[in-house]
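Thanks, everyone. I have one structure to go through, so let me put it on the screen.

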Amino acid sequence: MKLYPTLIWTFTILAFVFLFFSLRTETNQMLYSLVALGMWGIAFLLNKFKPGEKEKET
């Protein structure tokens, strides 16, 4: 599916943007950091559990 790589990159880029905001602002720094962590977590889970791909057994 073409949708998953687009979503993964979108959430990854948003995570970096929110992390940048959290480092630049004095107010709501914790909120921006948690949003960035959540965005990264979503991107990680989307990448790990892509439908149609089975894990290889070693």
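Start at A43. Setting aside residues within four places of A43 in sequence, its contacts are I8, F11 and T12. Keep in mind that this is a predicted model.

A43 belongs to the largest nonpolar core, which has six residues: I8, F11, A15, M39, A43 and L46. Both α1, residues 3-24, and α2, residues 29-48, supply at least two residues of that core. As a general remark, nonpolar side chains in soluble globular proteins tend to be buried together.

Now the whole chain. The protein chain has two helices and zero strands. Of its 58 residues, 16% are buried. The chain exposes about 5,200 Å², and carbon and sulfur atoms supply 66% of that area.

Next, α1 by itself. What span should its 22 residues have at 1.5 Å a residue? The expected figure is 32 Å, and the end C-alpha atoms of α1 are 32 Å apart, so the two agree.

Which residues of α1 are buried? They are I8, F11, T12, A15 and S22. These residues lie on the same side of α1, because they cover an arc of only 100° around the axis. What they pack against is α2. On the face of α1 turned away from the buried side, the exposed residues are W9, I13, F16 and R24. So that you can find them on the screen, I will leave this view up for a moment.

Let me turn to S22, also in helix α1. Why is S22 classed as buried? Its relative accessibility is 1%, and buried means under 20%. The side chain of S22 makes a polar contact of 3.4 Å with the side chain of S33. With neighbours within four places in sequence left out, S22 is in contact with Q29, Y32 and S33. S33 therefore appears in the contact list of S22 as well as in the polar contact.

Last residue: V17, again in α1. V17 has 34% relative accessibility, so it counts as partly exposed. Along the chain, V17 and A36 are 19 residues apart, and their C-alpha atoms are separated by 7.7 Å.

To recap: the buried residues of α1 pack against α2, and the six-residue core draws at least two residues from each of these helices. That is what I have; questions are welcome.

Conventions:
Residues numbered from 1 in each chain as written. Predicted model: local features only at pLDDT ≥ 70, side-chain atom pairs only at ≥ 80, totals over all residues. Heavy atoms only, no water. Core = buried A, V, L, I, M, F, W, Y, C linked by side-chain atoms within 4.5 Å. Buried < 20%, exposed > 50% of the residue type's maximum accessible area, 1.4 Å probe, protein only. Helix = DSSP H or I, 4+ residues; strand = E, 2+ residues; numbered from the N terminus. Contact = heavy atoms within 4.5 Å. Expected span 1.5 Å × (residues − 1). Arc of directions from axis to C-beta. Areas by Shrake-Rupley, 256 points an atom, 1.4 Å probe, with all protein chains shown as cover. Polar contact = N/O pair within 3.5 Å; in protein donor to acceptor, adjacent residues only side chain to side chain.
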